[in-house]
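Me: Could you walk me through the charged pairs in this protein? I would like to go through them one at a time.

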Amino acid sequence: EQLRVLSYVYVLPMREPFSVAKQAGTLGGLSQGRFVLGTGAGWLTEEIDLLGFDPRTRGRRFDEMLAIIRGFWEQGTFEFQGEYFAFGPTGMEPRPSHPVPIWVGGASRAALRRAAGQDGWVGMDYPLEDAWRLRDELAAERRRAADEGTARTGPFEVLLIPQAVPSAALHDDLAARGVTSMVAVAWARGTATF
């Protein structure tokens, strides 16, 4: 009843937005609001190309896909005119019965900008000094999004996978710096891979 499930991370630009909106929305409804769509632009360009999408346009397509997915979830019937996707009034029913948060992963300025306009950021496997720098850049992007009116209302989550040995002191420090959740690897670094 309390477990949340996060897709970590679902490479959105290797897909099209219609099935993603339907599948993630269905998971959100079935889980009674405990599913989080963790997304990213992807770094392995070969896998994006293999599925028939141009990896060079993944960022701009990602932005359009986020707008389309939100449009279906929030409006049901939605239309869109963009550079990569264009369609007239199209419906998706049933819509999610609970809001589906979208968290965006990545360390680039574009990734942080995307995250600032969504519900959270996924910080993947960074040394602490890099994590704090990225957290500060994310805070600046969130202020910009708020000033521009593109920030979402509601809680903003920061998930971090720090390159640090877990300890109570580390967890307290992470919480004090605005990290809302973390992933702690259960084995020593270098002994296994995901």
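Reply: Happy to; here are some questions and answers about salt bridges and their surroundings. This is a predicted model, where local features need pLDDT of at least 70 and side-chain atom pairs count only at pLDDT 80 or more, while totals for chains, interfaces and linings use all residues. Residues are numbered from 1 along each chain as its sequence is written, and side-chain values use heavy atoms, with hydrogens and water left out.

Me: How many salt bridges does a search of the whole structure find?

Reply: A salt bridge here is a side-chain nitrogen of Lys or Arg within 4 Å of a carboxyl oxygen of Asp or Glu. Searching the whole structure with that rule gives a count of 14.

Me: How many residues apart are Glu74 and Arg152, a pair that links distant parts of the chain?

Reply: Their side chains meet in a salt bridge, at 3.0 Å from N to O. Glu74 sits in helix α3 (residues 58–75), and Arg152 in the loop between α5 (128–148) and β8 (157–162). Helices (H or I, at least four residues) and strands (E, at least two) are DSSP runs, numbered from the N terminus. The separation in sequence is 78 residues.

Me: Is Asp119 buried or exposed?

Reply: Buried means under 20% relative accessible area, exposed over 50%, and partly exposed in between (1.4 Å probe, protein chains only). Asp119 has a relative accessible area of 8%, so Asp119 is buried.

Me: Which residue forms a salt bridge with Asp119?

Reply: The closest N and O atoms of this pair are 3.0 Å apart. The partner has a relative accessible area of 31%, which makes it partly exposed. It is Arg152.

Me: What separates Glu137 and Arg133 in helix α5?

Reply: These two side chains form a salt bridge with an N to O distance of 3.2 Å. Arg133 is partly exposed, at 40% relative accessible area. Because Glu137 and Arg133 are 4 residues apart in helix α5, the separation is about one helical turn.

Me: Which residues are joined into one network by salt bridges that share partners?

Reply: Arg152 bridges to Glu74 and also to Asp119. The full network consists of Arg70, Glu74, Asp119 and Arg152.

Me: What is Arg114 in contact with, leaving aside its neighbours within four places in sequence?

Reply: Arg114 is found in helix α4 and counts as buried, at 8% relative accessibility. Contact means heavy atoms within 4.5 Å. With those sequence neighbours set aside, the contacts of Arg114 are Gly59, Arg60, Phe62, Asp63, Leu66 and Val104.
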